[in-house]
Amino acid sequence: MYTVPKLEDYSAESLDRAANELRKALESEAHDVNTAAQFKEFRDRWWSRKSGIKAQINKVWLGNAPLDQKPKVGFWLNLLAMEIEEKLEETQGAVAVYESALTLAAKEDWTGVISRPLADRLDISLPGIQRPIGVKHPVLRVMDEIVAVFKAMGYSVGEGPEVETDYYNFESLNFPPNHPARDTQDTLFIAGQESKPARDRLLLRTHTSPVQIRTMEQQPPPVRIVIPGKVHRNDPLDATHSPVFHQVEGLAVDTNITFCDLKGTLDHAMKALFGSSVKTRFYPSFFPFTEPSADMQVSCIFCGGKGCRKCKFSGWIELLGCGMVDPNVFDFVKQNGYDSSKISGFAFGMGVERIAILKYEVEEIQLFYEGDVRFLEQFA
Ligand code: DAH
């Protein structure tokens, strides 16, 4: 352990040697200080007013200096004292960092991994590394929002396969054999299926409607279900079309379900999604699996129905297809309790991107798929 030696003479070399020995001792003792308690001991040993090393060098080195050397030695001792003080501060800081690192490490059970030398290199005053927390993709977010609206009305949530058979995608939904939707223009077929009977051939589902039949095969009435999912069509990409997009399908089957139930349910859903001032209207349309069929329109959410560029000055925007389930569809699941003379139902299907585009005023559908963080982070 270092003790303050007497100086034989006060030559420059002698002072240098003495200073270097003191520095070496200071450095090595500071190195061994790990805890606040050790630091206190270290500080007392070097700085205590009466018996600390700093007090000793004053007493021994300055006290014994020849009178004419005292000013020089005094100046030199002041510099050494500053070095000691600096080392004390530095050590105190390092111990604080080390102790907070240990506290953190204890939480993670890493105590063995952190050493003081490692903690010395830690600067806890630096800003931390920010890990951006991801957010839901806007398409998924809108899809979840739509689903939540129906869940609140007591609907359950279902799913079905994206690779589907001709039977579920078309035949059981009452698409006539030569319906244009079956055409290769619209449907992406899985290659190499020619040897199979037509109804078993695989394709990428063009809508979520096949899950209506799949659901009714699985459970007898009553049914209230929404089915979110991905669908595919052989459509070229443009501002509003994409070959891959998302739909939410809905199906309600029970005794005495009427078109009024359909209107009331969808009107409520649109108000929940777009705000209570939105109006709905139902326009005659055609789908093979509903009779009657309708296109539902909402009053333009941009101009409130007055007419603007977005609604082509009509005041209305077409949003989804719907209708009363065609008895021919029930016939495919008749054996499971779907007797169209006893029960009835309504169905609807909406495009998620379309709703997202309206809700967030997105100009191009592609933006949803490009994964550009500058676009996506706007939904954070
Ligand atoms: N499947 C239709 C489409 O993709 C949308 C649709 C219309 C679904 C009417 C329905 C419905 O359930 O009843 O264009």
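In this predicted model, a backbone N or O atom of Phe348 sits 3.2 Å from an oxygen atom of the ligand. Side chains reach the ligand too. An N or O atom in the side chain of His207 comes to 2.9 Å from a ligand nitrogen, and for Ser209 a polar side-chain atom is found 2.9 Å from a nitrogen atom of the ligand. In total, 15 residues surround the ligand, and the closest are His207, Gln212, Arg233, Gln247 and Glu249.

Phe348 turns up again among the aromatic rings. Together with Phe150, Tyr155 and Phe346, Phe348 belongs to a cluster linked by ring pairs. The model holds 16 aromatic pairs. Take Tyr167 and Phe332: their ring centres are 5.8 Å apart and their planes meet at 70°, an edge-to-face arrangement. Tyr167 belongs to helix H7 (residues 166–169), while Phe332 is in the loop between helix H10 (327–331) and strand S9 (344–351), so this pair ties together parts that lie 165 residues apart in sequence. As for their surroundings, Tyr167 is buried, with 13% relative accessibility, whereas Phe332 is partly exposed at 26%. Another pair joins Phe170 and Phe175, and it is edge-to-face because the planes stand at 75°, with 5.1 Å between the centres. Both Phe170 and Phe175 are buried.

Rings also meet charged side chains here. Arg214 lies over the face of Tyr168, 4.0 Å from the ring centre. Likewise, Lys310 lies over the face of Phe302, with 4.8 Å to the ring centre.

Phe289 brings several of these threads together. This residue is in the loop between S6 and S7, and with a relative accessible area of 10% it counts as buried, because that falls under the 20% cut-off. Phe289 and Phe170 are 119 residues apart in sequence, yet their C-alpha atoms are 9.2 Å apart in space. Beyond its sequence neighbours within four places, Phe289 touches Leu173, Asn174 and Phe175, then His207 and Ser209, and also Met324, Val325, Asp326 and Val329. Two of these contacts have already come up at the ligand: His207 and Ser209.

The strands on either side of Phe289 form a hairpin, with two residues between S6 and S7. Strand S6 (residues 280–287) runs antiparallel to strand S7 (residues 290–299), and seven bridges pair them. One of the bridge partnerships matches Thr280 with Val298 in S7. S7 also contains Pro292, which is joined to Glu291 by a cis peptide bond with omega of about -5°.

A cis bond occurs between Pro221 and Pro222 as well, this one with omega of about 5°. Pro222 is placed in the loop between H8 and S4. Such details are worth pointing out because most peptide bonds are trans, and most residues other than glycine have a negative phi. On the phi side, Asn256 has a positive value of about 65° although it is not a glycine. Asn256 is in the loop between S5 and helix H9 (259–274) and is exposed, at 68% relative accessibility. Phe313, which is not a glycine either, has a positive phi of about 60°. The loop between S7 and strand S8 (316–325) holds Phe313, and its relative accessible area of 62% makes this residue exposed.

Thr208 and Ser242 are loop residues that are buried. Thr208 is in the loop between strand S3 (202–204) and helix H8 (210–218), and its relative accessibility is 0%. Setting aside sequence neighbours within four places, Thr208 contacts Ile227, Gly229, Val231, Gln247, Val248 and Glu249. Of these, Gln247 and Glu249 are listed among the closest residues to the ligand.

Ser242 is found in the loop between strand S4 (223–232) and strand S5 (244–254), with a relative accessibility of 6%. The Ser242 side chain reaches the backbone oxygen of Val244 at 2.6 Å. Farther along the sequence than four places, Ser242 is in contact with Leu237, Ile365 and Tyr369.

Terms used
Residues numbered from 1 in each chain as written. Predicted model: local features only at pLDDT ≥ 70, side-chain atom pairs only at ≥ 80, totals over all residues. Heavy atoms only, no water. Phe/Tyr/Trp six-rings, centres within 6.5 Å; stacked < 30°, edge-to-face > 60°. Helix = DSSP H or I, 4+ residues; strand = E, 2+ residues; numbered from the N terminus. Buried < 20%, exposed > 50% of the residue type's maximum accessible area, 1.4 Å probe, protein only. Lys NZ or Arg CZ within 6 Å of the ring centre and 35° of its normal. Polar contact = N/O pair within 3.5 Å; in protein donor to acceptor, adjacent residues only side chain to side chain. Contact = heavy atoms within 4.5 Å. Pairing = 2+ DSSP bridges. Near = heavy atom within 4 Å.
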